[in-house]
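Open the model in your viewer and keep the selection panel at hand. The tour makes two stops.

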Amino acid sequence: MKLFVANLKMNLSIAQQQKLAKEYKKIASKSSYRLVFCPTFTALPLLKKITTKGDVALGAQSCSPYHKGAHTGQVSASELYELACSYVIIGHSEERTAYRLPDNYIFDQIMRVLENGMIPILCIGETKEERDAGQTLSVLEKQLKLICDTIPKASLYIAYEPLWAISTGEIPQIEELEELISRLKWMLPYCAFLYGGSVNHQTVESLNTIPQLSGFLIGHASLDFQEVKKIVVYKK
Ligand code: PGA
């Protein structure tokens with residue numbers, strides 16, 4: 001089953017996230033996707049029970065690269081596991097840009113997630129400038145290098161999210177995207193690939209024609225329940 005990963009970012013209050021999670025739960029059995037709900041850290045304890053029947057999976061938006069210790073402000077992967085998370089988003093471009101995260105930091109985050117029995121969703125993507133300079137593939141290869149060299153057989157999700165497509169309404173050309181994902185899949189055959197960046201009920205139709213995609217990482221549209229329903233509920 002394809003994944004619908006809702007990345008709520010920091011858009012809603014805790015009460016709003018609880019309300020939205022209940023709405024997701026209502027449609028989970030009719031959904032053509034496995035729903036993965038990624039709220040803020042502080043909402044996670046309250047949402048633990050939405051996973052009780054396994055109909056909506058819980059995910060976190062990041063985690064610490066360290067096991068434990070003197071790391072003020074960080075949240076460990078083992079805590080996320082305690083809170084019933086099954087997935088953790090790693091290396092989202094908003095976090096990479098804000099904190100200038102080096103590749104080995106992101107690699108360590110992935111390792112902590114795997115060690116704690118959860119599934120990492122690693123975000124990769126190029127900027128508009130890099131794309132215009134024809135550097136897309138080399139940028140993505142660099143972002144994946146440590147994984148290819150160290151844990152090529154690990155099973156993780158990789159979300160290709162071009163930075164210029166995030167919340168802009170633009171998506172890559174379908175043929176171009178298909179070719180790129182095939183190339184990445186060839187590099188890491190054990191990984192499953194998601195696409196993220198301006199996915200909504202309109203763009204998802206053409207994106208869904210790409211056979212190598214195992215689902216989507218969705219920001220803006222995941223906050224609007226009417227939009228979510230249009231994306232995930234099978235048209236009869
Ligand atoms: P978007 O965000 O769906 O609003 O483009 C995607 C993301 O940042 O993960």
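What follows goes first to the ligand and then to a cavity. The model is a predicted one.

**Stop one: the ligand**

Select the ligand and show the residues around it. The shell holds 13 residues, and Lys9, His92, Glu161, Ser167 and Ser198 are the closest. Colour the shell by residue class: seven of its residues are polar, four are nonpolar and two are charged.

Now look at individual contacts. Start with the side chain of Lys9, where a polar atom sits 2.7 Å from an oxygen atom of the ligand. Go next to Ser198, and show the main chain this time: a backbone N or O atom of Ser198 is 2.7 Å from a ligand oxygen atom. Gly219 also uses its backbone, with an N or O atom 2.8 Å from an oxygen atom of the ligand. How much of the ligand does the protein bury? On its own the ligand exposes 280 Å², and 99% of that is buried by the protein.

**Stop two: the cavity**

Rolling a probe the size of a water molecule over the atoms shows where empty space is left. In this model the count is one cavity of 30 Å³ or more, and the largest cavity has a volume of about 50 Å³.

To find the largest cavity, select Asp103, Ile106, Phe107, Ile110, Lys142, Gln143, Leu146 and Ile147, which line it. Which helices should be displayed with this lining? Show α5 (103-115) and α7 (136-150), as each supplies at least two of the lining residues. By class, the lining of the largest cavity has five nonpolar residues, two charged and one polar.

Technical notes:
Residues are numbered from 1 along each chain as its sequence is written. This is a predicted model: local features need pLDDT of at least 70, side-chain atom pairs count only at pLDDT 80 or more; totals for chains, interfaces and linings use all residues. Side-chain values use heavy atoms; hydrogens and water are left out. On a 1 Å grid over the protein atoms alone, a cavity is a set of points where a 1.4 Å probe fits but cannot get out, and a pocket is an open set with protein on both sides within 12 Å along at least five of seven lines; lining residues have an atom within 4 Å of a point. Grid points are joined across faces, edges and corners, and a volume is the space filled by probe spheres set on the points. Helices (H or I, at least four residues) and strands (E, at least two) are DSSP runs, numbered from the N terminus. Ala, Val, Leu, Ile, Met, Phe, Trp, Tyr, Cys and Pro count as nonpolar, Asp, Glu, Lys and Arg as charged, and the others, Gly among them, as polar. A residue is near a molecule or strand if one of its heavy atoms lies within 4 Å of it. A polar contact is a pair of N or O atoms within 3.5 Å; within protein, one must be able to donate a hydrogen and the other to accept it, and residues adjacent in sequence count only if both atoms are side-chain atoms. Accessible areas come from the Shrake-Rupley method with a 1.4 Å probe; for residues, only the protein chains shown count as cover.
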